[in-house]
Amino acid sequence: MLLPEAPPPGEDVCGRCAAAGPTCCTLSPGQEELCFPVSEMERTRIVEQVGLTLGAFVPEGNSGAFVANLVRLFPSDRDRLIRLFPETGQHLRLAVDGSGNCVFLRAGGCSLPRPVRPYYCRLFPFWLTGKALSAFAAPGCLVHRQGRTVVRMLALLGCTEADVRDLHGRLRLAWGLPPKEGMPFVTPSPARFRP
């Protein structure tokens, strides 16, 4: 089961966070290379649903810092990540404006319907390391500030641990990794940008 549709605007914690700003949808200038990749499957889903193509996605080089960031997220998949994202290659990421805001960020939150958003966006602030569910330390995140614990943050977002585990597996597949850590090789995903 995927995370539910966003609640009505008055109850949407991410919308309230966006109104207060800055949010997880804002990159610090110069940090664009560390932005998560958008797989071809995710890009296609956004384009088909919203119809946006120009300016929504940016090819980004697979820098050493980018690959190191992925390895930090997936420490057991280091060798696979190095093969999937070679330093001579590129990947797509979401575009940002001059202030570092995602092009889909509006005053009321993300303009993309929840089921269309990239998996990483739908997972945040949660992450899986091995079998352990945790949350990123994100002091600017209203869910993090109000929830304080993983259980309460899940409740604020109206999702369950099973939802997060499912999304994490889908993200892994979209990026070319097996759906669960330690599984055998899978066919690489076109998460890498090929000009």
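Two strands are taken as paired if DSSP finds at least two bridges between them, a criterion that applies to the first of the close-up views of this predicted model.

**View A. The hairpin of strand 5 and strand 6 in the predicted model.** Strand 5 (126-129) and strand 6 (132-135) pair in the antiparallel sense over four bridges, and within this pairing L128 stands opposite L133 in strand 6. Two residues lie between the strands of the hairpin, where G130 takes a positive phi near 65°.

**View B. The buried and exposed sides of helix 7.** In helix 7, which runs over residues 150-157, the buried residues are M153, L154 and L157. Because these residues cover an arc of only 105° around the axis, they lie on the same side of helix 7, whereas V151 and A155, on the other side of the helix, are exposed. Just after helix 7, G158 takes a positive phi of about 65°.

**View C. The elements that cover the buried residues of helix 7.** The cover includes three helices, namely helix 1 (13-20), helix 6 (142-147) and helix 8 (161-174), together with strand 5 and strand 6, the two strands that pair in the antiparallel sense.

**View D. The surroundings of H168 in helix 8.** H168 has a relative accessible area of 6% and is therefore buried, the cut-off for this term being under 20%. When its neighbours within four places in sequence are left aside, H168 is in contact with F74, L123, W127 and L128; of these, L128 is the residue that stands opposite L133 in strand 6.

Note on methods. Residues are numbered from 1 along each chain as its sequence is written. This is a predicted model: local features need pLDDT of at least 70, side-chain atom pairs count only at pLDDT 80 or more; totals for chains, interfaces and linings use all residues. Side-chain values use heavy atoms; hydrogens and water are left out. Buried means under 20% relative accessible area, exposed over 50%, partly exposed in between (1.4 Å probe, protein chains only). The arc is that of the directions from the helix axis to the C-beta atoms. Contact means heavy atoms within 4.5 Å.
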